[in-house]
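Ready to hunt for empty space inside a protein? Grab the model and work through these exercises at your own pace.

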Amino acid sequence: MSWGRLMKWTKEQQLAIKQRNKDILVSASAGTGKTAVLSGRCIDILSDGTITADVTAMLVLTFTEAAAEQMRSRIGDMLKRELAAKPDVHLRRQLLQLQAADIGTIHSFCKKIITQNFYKLGIDPSFGIIDPDEQNLLKSELLEKTVEWAWQQPNLQQPLNELLTGRNDKFLSNVIRVNDFLNCVIDRSGWFEKAAALNSFADVKKTSLANKQISIIARKSRGVLDQLESLCQLHRRLCPDGKWADSFEQSHIAAVKGFTHLIESGDFNEAAEYLKGYISPRNVKSKEVEPAMAELINEGAKSAIDEFKALKELAVFNYKYLEKIHSAGGRQAAVFVELVKKFDQLYTAAKKTLNSMDFADLERYAMQLLLDEQGQRTETALALQAKYKYIFVDEYQDINPVQQAILSAISCGDNFFAVGDI
């Protein structure tokens with residue numbers, strides 16, 4: 001009896017295991033057997049006599065070394081069971097090759113391709129991986145140097161003083177947090193450029209930022225309107241002859257519809273005045289439908305109106321913010337961005353001096369090897385794409401944008417299988 005008959009798969013699990021020639025994402029709650037399905041799919045492909053797949057053509061990625069070894073062991077146990085039920089030379093060869101198979105963390109995969117292609121990056125192949133404790137100590141030291149540097153810059157002294165006034169000593173640790181966040185941003189230099197533009201002292205009502213805000217506001221307003229109208233329609237279906245829906249249209253829907261029309265038409269000033277005078281209506285439960293449905297409609301209307309009312313608080317509608325706070329806030333935000341940029345430069349230089357990398361460096365160098373400046377696959381990516389016929393990723397919910405770019409560069413569009421929590 002083969003492993004497939006020993007395992008009791010659900011209909012959905014069987015579908016995930018057997019489906020071929022397409023990218024597949026298995027999303028389910030924790031503890032539902034997603035990793036077992038991933039292992040099961042590996043074995044199902046290896047034991048499929050019609051495709052004679054080889055374990056060396058598989059890339060299996062997890063998030064910890066322990067999970068990787070557990071995955072290798074799980075696949076090995078399944079192969080042994082399959083061999084016991086059906087002796088096969090091909091499967092025996094897969095079992096022998098399993099220890100050399102590419103089953104590991106995404107960082108070990110990145111390190112492997114960097115080591116194999118170090119000359120393309122112009123780096124020393126003997127680089128080390130910085131210890132987490134050493135990394136934290138180094139970052140703390142460099143943060144102090146960053147702040148010292150800022151105090152010595154005449155153009156940064158006043159906004160830096162404004163930034164730090166009234167804030168506790170731990171505030172500057174946010175420089176490190178933002179730098180860590182940037183590890184997940186594909187276009188790091190582009191982020192700094194956009195941040196500088198957003199913090200310019202120009203009239204925010206005339207900037208691209210304001211246009212984006214207005215577009216977001218229009219979508220939010222339209223969403224609120226759609227929700228209110230859906231609730232009204234639901235009530236009409238339940239009680240066609242009732243009067244509550246007509247009243248609801250006048251009390252809740254009319255004002256939102258008026259604002260939505262103005263903002264979608266691009267009449268920002270009129271929309272701002274309209275919103276400024278808006279007074280949220282009092283919710284009145286319908287007595288024309290059963291209590292449970294009345295409660296559902298009432299709660300839905302309340303949440304929609306609360307969301308609409310919250311638009312008033314946005315800075316783009318607040319003239320006092322625009323006139324009094326934006327300039328100082330822009331200066332403080334701008335100097336904070338300069339702190340992040342300087343810290344980033346110092347940290348990069350320090351790692352180069354130590355001939356060390358952190359995990360984020362592994363990802364970025366790997367991405368650099370796989371994608372050119374235009375975002376097109378390199379020869380290295382195409383070679384890996386040809387090598388790996390099947391790509392498996394566990395804990396996919398934890399993948400960041402840089403890691404996703406790496407995976408996309410080596411996948412074909414029909415050989416990617418990932419499992420993750422909802």
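## Hollow spots, step by step

This predicted model holds 2 cavities of 30 Å³ or more. Let's look at those, and then at a pocket.

**Exercise 1.** Find out which residues line the largest cavity, and which element gives the most to that lining.

*Solution.* Start with the volume: the largest cavity comes to about 40 Å³. Next, pick out its lining, made up of Lys22, Arg41, Ile45, Tyr390, Ile391, Phe392, Asp414, Asn415, Phe416 and Phe417. Now sort by element: α3 (34–46), β6 (390–393) and β7 (416–420) each bring at least two lining residues. β6 comes out on top, giving 3 residues. Last, sort by class, and you get 6 nonpolar, 1 polar and 3 charged residues around the largest cavity.

**Exercise 2.** Do the same for the second largest cavity: work out where the largest share of its lining comes from.

*Solution.* The volume here is about 30 Å³. Around the second largest cavity you'll meet His235, Trp244, Val284, Lys285, Ser286, Val289, Met293, Ala294, Ile297 and Asn298. Check these against the helices: α15, which covers residues 291–309, supplies the largest share, 4 residues. By class, the second largest cavity is lined by 6 nonpolar, 3 polar and 1 charged residues.

**Exercise 3.** Turn to the largest pocket and say which residues lie nearest its centre.

*Solution.* First, the volume of the largest pocket is about 890 Å³. Then look at the lining, 29 residues in total, with Thr348, Asp361, Arg364, Tyr365 and Gln368 nearest the centre. Two or more lining residues come from each of α11 (188–198), α16 (319–354), β5 (356–357) and α17 (359–370). Of the elements, α17 gives the most, with 6 residues. Finish with the classes: the pocket lining has 9 nonpolar, 9 polar and 11 charged residues.

**Exercise 4.** Decide whether Ala196 is buried, partly exposed or exposed.

*Solution.* Begin by locating Ala196, which is found in helix α11. The relative accessible area of Ala196 is 47%. Buried would call for under 20%, and exposed for over 50%. Ala196 is therefore partly exposed, because 47% falls in between.

**Exercise 5.** How far apart are Ala196 and Gly329, in sequence and in space?

*Solution.* Count along the chain first: Ala196 and Gly329 are 133 residues apart in sequence. Then go from C-alpha to C-alpha, and the gap in space between Ala196 and Gly329 is 13 Å.

Methods: Residues are numbered from 1 along each chain as its sequence is written. This is a predicted model: local features need pLDDT of at least 70, side-chain atom pairs count only at pLDDT 80 or more; totals for chains, interfaces and linings use all residues. Side-chain values use heavy atoms; hydrogens and water are left out. On a 1 Å grid over the protein atoms alone, a cavity is a set of points where a 1.4 Å probe fits but cannot get out, and a pocket is an open set with protein on both sides within 12 Å along at least five of seven lines; lining residues have an atom within 4 Å of a point. Grid points are joined across faces, edges and corners, and a volume is the space filled by probe spheres set on the points. Ala, Val, Leu, Ile, Met, Phe, Trp, Tyr, Cys and Pro count as nonpolar, Asp, Glu, Lys and Arg as charged, and the others, Gly among them, as polar. Buried means under 20% relative accessible area, exposed over 50%, partly exposed in between (1.4 Å probe, protein chains only).
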